Amino acid sequence: MNTVRSLSELLADFSLQLQEKHKEDKARVDIAEILDAFHERGFGVILFFFALPMALPLPVPPGINVLLASPLILLTAQQMLGRHEIWLPEKMRRKTFSARSLRTMLNKAVPWVQKIELLVRPRLGFLTQGVTSNFIGLAGLLMALTICIPVPLTNTVPSLGIACMAIGVVMRDGLAVLAGAAIGLLWISLLVFLGEAGLRFVIESVL
């Protein structure tokens with residue numbers, strides 16, 4: 001019986017694939033190639049991949065956060081509706097960004113993912129599948145929508161919540177799903193309670 005590859009291994013393999021396939025400095029990668037690379041692991045891996053650049057304290061190449069926000073909304077909406085196959089409009093599938101920048105991001109992210117994997121293990125698996133997946137999708141959709149609000153940490157906090165839920169689904173770790181939901185929904189509650197102006201004032205005062 002084959003051992004299931006970890007997320008860090010999948011990301012490292014994809015980085016190597018990019019290096020071998022796109023050797024030119026100005027080479028571009030489209031979203032369709034990313035979907036094809038991770039299709040075997042479904043929504044969990046794809047959501048984790050798109051949330052990762054905005055969730056970790058890493059420099060994100062210009063334009064990538066904008067490109068990744070829209071797929072997050074579409075993917076979480078499909079998860080909420082219970083879809084098993086990922087669909088994106090052809091126009092979005094053909095959007096591209098620098099292969100070199102993406103490789104750099106992946107190489108810097110893999111050590112962080114390996115640290116996260118030390119804390120994740122199968123537990124409370126019933127929270128990661130079945131009807132619960134629809135509620136995970138709904139929570140993820142609400143988090144993804146807040147990324148569009150121009151407030152400091154708006155990318156990081158909800159993306160972290162989505163990433164935690166995604167890795168929880170992949171590793172059948174219900175505790176990770178609960179942690180991700182708590183992070184994201186608490187952020188949404190703060191946005192609703194304080195409003196954009198109030199939250200911006202609090203964050204800028206702290207920073």
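Contact here means heavy atoms within 4.5 Å. I applied that criterion to a predicted model. Among contacts in the protein chain between residues at least 6 apart in sequence, I found that 74% join residues at least 24 apart.

**Entry 1: the chain as a whole**

I looked up the secondary structure and recorded nine helices and two strands in the protein chain. Read from the N terminus, the order of the elements is α-β-α-α-α-α-β-α-α-α-α. I then turned to burial: the protein chain has 207 residues, of which 48% count as buried.

**Entry 2: helices α2 and α3**

I next examined one pair of helices. Two packed helices are described by the angle between their axes and the distance between the axes. For helix α2 (residues 31-38) and helix α3 (residues 42-55) I noted an angle of about 135° and axes 9 Å apart. That angle makes α2 oblique to α3, since angles over 145 degrees would be needed for roughly antiparallel. I recorded the crossing of α2 past α3 as right-handed.

Which residues in α2 and α3 meet? On the α2 side I listed Ile31, Ile34, Leu35 and Phe38. On the α3 side I listed Gly42, Val45, Ile46, Phe49 and Phe50. I sorted the residues of this contact by character and obtained eight nonpolar, one polar and no charged. The polar entry is Gly42 of α3, because Gly is placed among the polar residues in this scheme.

**Entry 3: aromatic pairs**

Phe49 and Phe50 of α3, already listed in the contact with α2, led me to the aromatic rings. I counted two aromatic pairs.

Pair one is Phe14 with Phe49: the ring centres are 6.0 Å apart and the planes stand at 75°, so I entered the pair as edge-to-face. Phe14 lies in helix α1 (residues 7-21) and Phe49 in helix α3, so this pair ties together parts that are 35 residues apart in sequence.

Pair two is Phe49 with Phe50, which I also entered as edge-to-face, at 5.6 Å centre to centre and 85° between the planes. Phe14, Phe49 and Phe50 thus went into my notes as one aromatic cluster.

**Entry 4: burial of the aromatic cluster**

Are the rings of Phe14 and Phe49 on buried or exposed residues? I found both Phe14 and Phe49 buried. The cut-off for buried is under 20% relative accessible area. Phe49 has a relative accessible area of 2% and therefore counts as buried. Phe50 has a relative accessible area of 0% and is likewise buried.

Terms used:
Residues are numbered from 1 along each chain as its sequence is written. This is a predicted model: local features need pLDDT of at least 70, side-chain atom pairs count only at pLDDT 80 or more; totals for chains, interfaces and linings use all residues. Side-chain values use heavy atoms; hydrogens and water are left out. Axes are lines fitted to C-alpha atoms, for helices over the stretch in contact, and angles run from 0 to 180 degrees between N-to-C directions. Helices (H or I, at least four residues) and strands (E, at least two) are DSSP runs, numbered from the N terminus. Angles under 35 degrees count as roughly parallel, over 145 as roughly antiparallel, 65 to 115 as roughly perpendicular and the rest as oblique. A crossing is left-handed if the near helix is turned anticlockwise from the far one by less than a right angle, and right-handed if clockwise. Rings of Phe, Tyr and Trp (its six-membered ring) pair if their centres lie within 6.5 Å; planes under 30 degrees apart count as stacked, over 60 as edge-to-face and the rest as tilted. Buried means under 20% relative accessible area, exposed over 50%, partly exposed in between (1.4 Å probe, protein chains only).
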